Amino acid sequence: VGGVLLEVNGRSVETANHDTVLKYISEGPQPLTISFQTMRNSRGSLSSPVMSGYMTKQGGTGIVLKNWRRRWFVLRKDGCLYYYKAQSDVRPLGAIVL
């Protein structure tokens with residue numbers, strides 16, 4: 001979490017779906033050449049939020065009972081829904097690939 005894959009072996013994957021990226025990786029020469037950009041320092045279009053706001057998500061696993069927790073979610077153009085403990089947080093707790 002925190003980075004965006006831009007290129008694989010010289011091919012742009014900014015708007016490619018997951019299957020296409022895997023195809024580029026499997027067909028490409030070894031070792032792979034990749035280019036990525038961190039979300040923290042990025043100024044590109046992929047880091048721009050499409051939508052953001054508080055939602056609740058089910059948390060807790062194992063011994064702890066599952067409960068609902070309020071989290072700040074940010075949908076970005078990279079196709080991931082990032083979630084944070086609070087709106088002011090810089091590092092996401094996790095991401096959901098859409």
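Let me start with one residue, Val13. Setting aside neighbours within four places in sequence, Val13 is in contact with Leu5, Leu6, Glu7, Val8, Val21 and Tyr24. This is a predicted model, so please hear everything that follows in that light. Val13 sits in the loop between S2 and H1. Is Val13 buried or exposed? It is buried, with a relative accessible area of 4%. Val13 also has a distant partner to look at: Ser35 is 22 residues away in sequence, and the two C-alpha atoms are 9.7 Å apart.

Now the overall layout. The protein has 1 helix and 7 strands. Going along the sequence, the order is β-β-α-β-β-β-β-β. There are 98 residues, and 24% of them count as buried. The accessible surface comes to about 7,100 Å², and carbon and sulfur atoms hold 53% of that. As for contacts with a separation of 6 or more, 36% are between residues 24 or more positions apart.

Back to the N-terminal part, and to Asn9. Asn9 is in the loop between strand S1, residues 3-8, and S2. What is the sign of phi at Asn9? Positive, at about 50°, although Asn9 is not a glycine. For background, most residues other than glycine have a negative phi. Asn9 has a relative accessibility of 23%, so it counts as partly exposed.

Next, charge pairing. In general, side chains of opposite charge can pair when their charged atoms come close. How many salt bridges does a search of the whole structure find? It finds 1. The partners are Glu27 and Arg11, and their closest N and O atoms are 3.9 Å apart. Glu27 belongs to helix H1 and Arg11 to strand S2, residues 11-12, so the pair ties together parts that are 16 residues apart in sequence. Glu27 is partly exposed, at 49% relative accessible area. Arg11 is partly exposed as well, at 40%.

Staying on the surface, there is a nonpolar patch of about 360 Å², made by Leu5, Leu32, Ile34 and Phe36. You have met Leu5 already, as one of the contacts of Val13. Leu32 is in the loop between helix H1, residues 18-27, and strand S3, residues 34-38. With 33% relative accessibility, Leu32 counts as partly exposed.

Now the strands further along the chain. Strand S4, residues 49-59, and strand S5, residues 67-76, run antiparallel and are joined by 10 bridges. To find one of these in the viewer, go to Gly59, whose bridge partner in S5 is Asn67. On the S6 side, S5 pairs with strand S6, residues 80-84, again in the antiparallel sense, over 4 bridges. One example here is Val74, with Tyr82 as its bridge partner in S6. How many residues lie between S5 and S6 in their hairpin? There are 3, and Gly79 in the turn has a positive phi of about 85°.

Which residues make up the largest nonpolar core? Trp72, Val74, Cys80, Tyr82 and Tyr84, which is 5 residues in all. S5 and S6 each supply at least two of them. S6 gives the most, with 3 residues. Within that set, Cys80 touches Val74, Leu75, Ile96 and Val97, if residues up to four places away in sequence are not counted. Val74 therefore turns up twice, as a bridge partner of Tyr82 and as a contact of Cys80.The last residue is Phe73, which lies in strand S5. Phe73 is buried, at 5% relative accessible area. What does Phe73 touch, leaving aside its neighbours within four places in sequence? The contacts are Met51, Ser52, Gly53, Met55, Lys57, Leu81, Tyr82, Tyr83 and Ile96. Lys57 is 16 residues from Phe73 along the chain, and their C-alpha atoms are separated by 9.9 Å. Ile96 is also on the contact list of Cys80.

That is what I have for today.

Note on methods
Residues are numbered from 1 along each chain as its sequence is written. This is a predicted model: local features need pLDDT of at least 70, side-chain atom pairs count only at pLDDT 80 or more; totals for chains, interfaces and linings use all residues. Side-chain values use heavy atoms; hydrogens and water are left out. Patches are made of residues with over 30% relative accessible area and no salt bridge: like charges are joined within 9 Å, nonpolar side chains (Val, Leu, Ile, Met, Phe, Trp, Tyr) within 5 Å. Accessible areas come from the Shrake-Rupley method with a 1.4 Å probe; for residues, only the protein chains shown count as cover. A salt bridge is a side-chain nitrogen of Lys or Arg within 4 Å of a carboxyl oxygen of Asp or Glu. Helices (H or I, at least four residues) and strands (E, at least two) are DSSP runs, numbered from the N terminus. Buried means under 20% relative accessible area, exposed over 50%, partly exposed in between (1.4 Å probe, protein chains only). Two strands pair if DSSP finds at least two bridges between them. A nonpolar core is a set of buried Ala, Val, Leu, Ile, Met, Phe, Trp, Tyr and Cys residues joined through side-chain atoms within 4.5 Å. Contact means heavy atoms within 4.5 Å.
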